[in-house]
Every structure is written in structure tokens, then in C-alpha cells.
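Q: Please take a close look at the main nonpolar core and the helix pairs around it. Keep to geometry and contacts.

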Amino acid sequence: MPPTELTSRGRKGSMTMTLDVYYSATPNGWKISIMIEELKEVGVGLPEVRLHMMSLEDGDQFASEFTAINPNQRMPALMHDGRAIFESCAILQYLGETYPSPLLPQGPARWDVLPWLYWQAANLGPVFGNKVSYTRYIDVDEATKAHPMDRFGNEGARLVRVMARRLEVAPWLGGETFSVADIAAFPWVRAYKWAKIDITAEPRVVDWLERCRRRPGVQRGVAWGVPQEEAERFSADRRARYKAMGASIAANERLNERN
Ligand SMILES: N[C@@H](CCC(=O)N[C@@H](CS)C(=O)NCC(=O)O)C(=O)O
């Protein structure tokens, strides 16, 4: 189900047992919306989820109220039980530990999952994110871009091969069941065309992507903050808006203004 409350700004968290999600519809945001929808799917009883939509174009990430929640001034963030959590993969781990389910197994199987969760945070996310920025957002001449395009393109392709090797021996990144590791990787890999990192040479990765995509929790998660008909494919207008937003973020306009 979609969120119960929409607000435009973050606020300093009070002691609350609600799950307050600071979100915008981007790959790191989708990790959290998918996790919440997948927890519902496995029947975990969750408290009320309150969604605080953030406008990255308007610089909501730099507001003092939000900086108090996430000193790193990036979305997403979570407030729960008086505690602020930032970093999307830490939020996945927090939700997985707070609401136990197969999405983060207990016992030894946990160690099949966590390395892949951290792998996503340290490798796949930053590399795909940088490749998207240079491919779509950063407005400099081709010669200036050539080296980073080459570096992030090659590294992105290597990471896809790493995934393929993992999927040779296990159906999911975290092992036998769909887990937070798949949730973390999915929103970036599904954007492979936007990043221009080809995954089609790796049929196991293509198949994994399709298996993720078909899950009802995933389908509901990627629709948070996006019109239902655009959840799978953004309209030209929305793509243009994301490009403008990405360009403004990549140019660090707000950062230079405010810090
Ligand atoms: N490592 C962070 C990355 C978060 C991140 O970069 N979020 C982007 C949106 S996907 C953001 O808030 N960008 C705003 C900015 O750079 O000013 C995480 O996983 O939470």
C-alpha cells in the first residue's frame, strides 16, 4: 500500500514508534520502499509508515531539520523509536533486524547476505551512480569526461560479471532466498540502460532482474512517489526532470550555495 502521509519537508524526529521514511523516488530511495513492501508481503506487522517526500531539486537534503537526521545530507533516512538512521543499506539492515524475516536471515545464513549488502553499498551503488552522472548529467566536454566514463564503465561491467558469478552458485545474491542484498542491488541494476552499463551479456543477471521485477513487493515499492503507469518506465517528461535534477546535483550548485 502507498504511504499513509505525505509531507514536503523532513522534521526533527520525536520519540515515535512510527516508521518515518525520508524519501524521494530514486534508486537509494526505492531500496527502502521495496523493503517495506516486501516486509508487508511476508506478513510482518509494521507500525504506521509515514512518508516524507523530499525534493532534491529544492535542496530539502540541506535543510537544517533534515541535516539533524542525516549529517551526510543525502536521502534516504529513517526515524524510528527516537533513533535516526541514514545510509540506505544500514536502513535495510535496521529494518531486517527490527522486523525479523527471511529478508535478513538469522544465524550463519546471515553471513551469506551481509557481504553482498555491503558490496552493493561500497561498489555497485557508487559505480553505477557515477556512471549515470557522467552519462546523463554532468555537462562537460567529451575529452574531460573520457577518463571517468572509461573507468566507471569498465568497473560497472566488471561488477555485473561479479554478480553473474554469484548467480552461478546461488539463485539470489544473498543465497537461497530473496533478501536485503537483492533489494539493495535491484534499483541500480534495473537502471542499466540509463547508466549505459550493458547487462545483456550476462543472462543470469538478466534473469535475476526479471525475477526481482516480478515480485509484488518490488512492484509496489518502485511505485512510491511515481504515478503507477510510470513505475516501470518513466515518461519523457519525467526523464527530463530527473536529468535536470541530476545535473543540478552533479554540479553541486546547492552544496556550493549552502556550505
Ligand atoms: N550512500 C548513500 C547515498 C545516498 C545518496 O547519494 N542519495 C542521493 C539520491 S539517490 C541524494 O540524496 N542526493 C542528493 C545530493 O547529492 O545532494 C545511501 O546509500 O544512502
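A: The core comes first, then two helix pairs.

This is a predicted model, in which local features need pLDDT of at least 70 and side-chain atom pairs count only at pLDDT 80 or more, while totals for chains, interfaces and linings use all residues. Residues are numbered from 1 along each chain as its sequence is written, and side-chain values use heavy atoms, with hydrogens and water left out.

The largest nonpolar core has 76 residues; such a core is a set of buried Ala, Val, Leu, Ile, Met, Phe, Trp, Tyr and Cys residues joined through side-chain atoms within 4.5 Å, buried being under 20% relative accessible area with a 1.4 Å probe, protein chains only. Its largest share, 10 residues, comes from helix H4 (residues 110–137), helices being DSSP runs of H or I with at least four residues, numbered from the N terminus. At least three core residues come from each of domain 1 (6–98) and domain 2 (107–221), with bounds from an automatic or database domain assignment.

Leu-95 and Trp-208 have the most contacts inside the core. Leaving out residues up to four places away in sequence, Leu-95 touches Leu-19, Ile-32, Met-35, Ile-36, Leu-39 and Leu-78, contact meaning heavy atoms within 4.5 Å.

Leu-95 is also among the H3 residues that meet H1. The axes of H1 (residues 27–41) and H3 (residues 88–98) come within 9 Å and cross at roughly 10 degrees; axes are lines fitted to C-alpha atoms over the stretch in contact, with angles from 0 to 180 degrees between N-to-C directions. H1 and H3 are therefore roughly parallel, the term for angles under 35 degrees.

The axes of H4 and H5 (residues 142–169) come within 9 Å and cross at roughly 150 degrees. That makes H4 roughly antiparallel to H5, the term for angles over 145 degrees.

Technical notes
Buried means under 20% relative accessible area, exposed over 50%, partly exposed in between (1.4 Å probe, protein chains only). Helices (H or I, at least four residues) and strands (E, at least two) are DSSP runs, numbered from the N terminus. Angles under 35 degrees count as roughly parallel, over 145 as roughly antiparallel, 65 to 115 as roughly perpendicular and the rest as oblique.
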